Every structure is written in structure tokens, then in C-alpha cells.
Amino acid sequence: FQWEPVPDIQRYRVRLEHADGSRAFDLKVDGERATLPKGEPLEAGVQYRLTIEALAADELAGDGLKTIYEFRTLTPNEQQKLRWARENRTQAPRVCAVIFYQLGFHTDALKTLERVPNEPVVRVWREVIRSRM
């Protein structure tokens, strides 16, 4: 994981946990970059919460500026669908746009719909996708 530096910050504390709270661990931090502990890969299909805490020289852990990101890793089946959609977006743009949307790849869905004539249903799809971004 990597982020932009925060001015006047001496160090960062980064924690990754399952969104349901079942597992959590601190990440190894090097500047504005954090890596998973050895032997702790991300699990497929799991919702995660990443907390990055920026600490000034006089701040203790828990007192800093925190940013929280939530994300979900794809299952092997979802990864296969994503690969297929990326390979076939020109030949089957409508189907691929739906797959991208279902997987949460909204930007890819919108870009793929650019290849489709501006029909009324496509305009509605675009608005729905934009509302999710």
C-alpha cells in the first residue's frame, strides 16, 4: 500500500483488518509505503479495512490523523470474469459493462459503454454507474 506524504508528519502507523473484525495486524511501514507481514497474504473474497494513521513527533498511536479505506478482494471466479471482460470489451461491450459494474469497476464500465451507441437505455446505465462513483 502506498500514499502521498502528509506535511509535518514524522511517522505512520498502518493497520489492516477484516471488516468483520475477525483478524487484524499491523503492517510494516517504510516512509509512505506499507507491506503485509510475511506469510500474511490478502485472502480472496474478503472485505478489508485499512487504517493509515499519520503521527507528528509528539503524538502517540491513536492520537494522529486517521484515514480509513475499505476494499474487498476478488474471488478466483470474479478474477476470471474480470479478465474475460477486459479481453472482450470491444466485442461484447454491453455484457462487459455489466460485469465491470457488478465487480465494482465503475470507471471501466463507463469507458466500455463509450463503445455503445447512445441509446436511451445506455444513457440510463451511465447515470446509474456515475451515481455509484
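A residue is called exposed when its relative accessible area is over 50%, and buried when that area is under 20%. Please keep these two cut-offs in mind as we go through this structure, which is a predicted model.

Let us begin with one residue, Leu65, which is found in strand S6. Is Leu65 buried or exposed? Its relative accessible area is 54%, and because the cut-off for exposed is over 50%, Leu65 counts as exposed. Leaving aside neighbours within four places in sequence, Leu65 is in contact with Ile52, Glu53 and Ala54. The C-alpha atoms of Leu65 and Ile9 are separated by 9.6 Å, and these two residues are 56 residues apart along the chain.

I turn now to the sheet. Strand S6 (65-72) is one of its edge strands, and strand S2 (24-26) is also an edge strand; each pairs on one side only. The sheet is open and has four strands in the order S2-S1-S5-S6, with antiparallel pairing. From one strand to the next, the twist averages 15°. Strand S1, residues 11-18, is joined to S2 by three bridges, and Leu16 stands opposite Phe25 in S2.

Next, the helices. For H1, 13 residues at 1.5 Å a residue should span 18 Å, and the end C-alpha atoms are indeed 18 Å apart, so the two values agree. Which residues of H1 are buried? They are Glu78, Leu82, Ala85 and Asn88. These residues cover an arc of only 145° around the axis, which means that they lie on the same side of H1. A general rule is useful here: an α-helix has 3.6 residues a turn, so residues three or four places apart point the same way. The buried residues of H1 pack against S6 and H2, whereas the face turned away from the buried side carries the exposed residues Pro76 and Glu87.

Finally, the nonpolar cores. The largest has 14 residues, and Leu82, Ala85, Phe100, Leu103, Leu113 and Ile129 have the most contacts inside it. Helices H1 (76-88), H2 (93-103), H3 (106-113) and H4 (120-132) each supply at least two residues of this core. Which helix gives the most to this core? It is H2, with five residues. Not counting residues up to four places away in sequence, Phe100 touches several residues, among them Leu82, Ala85, Phe105 and Ala109. A second, separate core has twelve residues, including Tyr12, Val14, Leu27 and Leu50.

Notes
Residues are numbered from 1 along each chain as its sequence is written. This is a predicted model: local features need pLDDT of at least 70, side-chain atom pairs count only at pLDDT 80 or more; totals for chains, interfaces and linings use all residues. Side-chain values use heavy atoms; hydrogens and water are left out. A nonpolar core is a set of buried Ala, Val, Leu, Ile, Met, Phe, Trp, Tyr and Cys residues joined through side-chain atoms within 4.5 Å. Buried means under 20% relative accessible area, exposed over 50%, partly exposed in between (1.4 Å probe, protein chains only). Contact means heavy atoms within 4.5 Å. Two strands pair if DSSP finds at least two bridges between them. Axes are lines fitted to C-alpha atoms, for helices over the stretch in contact, and angles run from 0 to 180 degrees between N-to-C directions. The expected span of a helix is 1.5 Å times one less than its number of residues. The arc is that of the directions from the helix axis to the C-beta atoms.
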